[in-house]
Amino acid sequence: MRWLARAAHPSDVLSDSILLVRSRPPVYGEDMDTDMQIEIRGHIKATDAIRDHIDRRLRTAIGRFGHRVRSVTIRLDDINGPARGGNDKACHIEAVLDSPRRNPVVVEEVHADLYSAITRAAERLSVAVRRELDRLRHPPRERSSATAS
């Protein structure tokens, strides 16, 4: 998987925000311009190790849905600040699907360890994206007045 780093617009970012675009090989019959944008934001500095961890976890979690995911925004925060400990590392992930509804799928996880928060949030994102895609594939049927009685 190849990552291209671009600086986002300065007015749109917090202290450490990097816009990443993931390029993947196209599936047979698919257009070549199918990149998923990944943006990392927050008050925690996204080191290379954190970026690699996010890459691995997102690839595992939503790799099979990659063609249906338009963009992913990850927000990493230290809720209590750097001086205090506890369960205060938050990972908030928002995925925008390539669907007519364009409703984002949002998950959040808080843990004492940032890597664990990222891992758990990615696992929850996988379930949430699968559920949303199932809803799009099989919309709920409207009940007729004959069956409602």
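Select helix α1 first, residues 48–62, and in this predicted model look for the side chains of Ile 50, His 53, Ile 54, Asp 55, Leu 58, Ala 61 and Ile 62, which are buried. The helix has 15 residues, and from its first C-alpha to its last it reaches 21 Å, close to the 21 Å expected at 1.5 Å a residue.

Stay with Ile 62 and show its surroundings: leaving aside residues up to four places away in sequence, Ile 62 touches Met 36, Val 69, Val 72, Leu 125, Ser 126 and Val 129. Ile 62 also belongs to the largest nonpolar core, a group of 30 residues in which Ile 62, Val 72, Ile 74, Leu 76 and Leu 125 touch the most other members. To see where this core comes from, colour β3 (36–42), α1, β4 (69–78), β5 (89–97), β6 (104–111) and α2 (114–137), the elements that each give two or more residues to it. Among them, α2 gives the most, with nine residues.

Now zoom out to the whole chain, which has three helices and six strands and which, read along the sequence, follows the pattern β-β-β-α-β-β-β-α-α. Of its 149 residues, 39% count as buried, and among contacts between residues at least 6 apart in sequence, 51% join residues at least 24 apart. With a surface displayed, you are looking at about 9300 Å² of accessible area, of which 49% belongs to carbon and sulfur atoms.

Next, turn to the charged pairs, for the structure holds 11 salt bridges. One of these joins Asp 78 to Lys 89, with the closest N and O atoms 3.9 Å apart; this pair links distant parts of the chain, since Asp 78 lies in strand β4 and Lys 89 in strand β5, 11 residues apart.

Finally, return to helix α2 and select Asp 134 and Arg 130, whose side chains meet in a salt bridge at 3.9 Å, N to O, and which lie four residues apart, about one turn of the helix. Both ends of this pair can be checked on the surface, where Asp 134 is partly exposed at a relative accessible area of 29% and Arg 130 is partly exposed at 36%.

In the same helix, the side chains of Arg 135 and Glu 132 meet in a salt bridge of 3.4 Å, N to O, and these two residues are three apart, separated by about one helical turn. Which of the two is buried, and which is partly exposed? Arg 135 is partly exposed, with a relative accessible area of 44%, whereas Glu 132, at 10%, counts as buried.

How values were computed:
Residues numbered from 1 in each chain as written. Predicted model: local features only at pLDDT ≥ 70, side-chain atom pairs only at ≥ 80, totals over all residues. Heavy atoms only, no water. Buried < 20%, exposed > 50% of the residue type's maximum accessible area, 1.4 Å probe, protein only. Contact = heavy atoms within 4.5 Å. Areas by Shrake-Rupley, 256 points an atom, 1.4 Å probe, with all protein chains shown as cover. Expected span 1.5 Å × (residues − 1). Core = buried A, V, L, I, M, F, W, Y, C linked by side-chain atoms within 4.5 Å. Salt bridge = Lys/Arg side-chain N within 4 Å of Asp/Glu carboxyl O.
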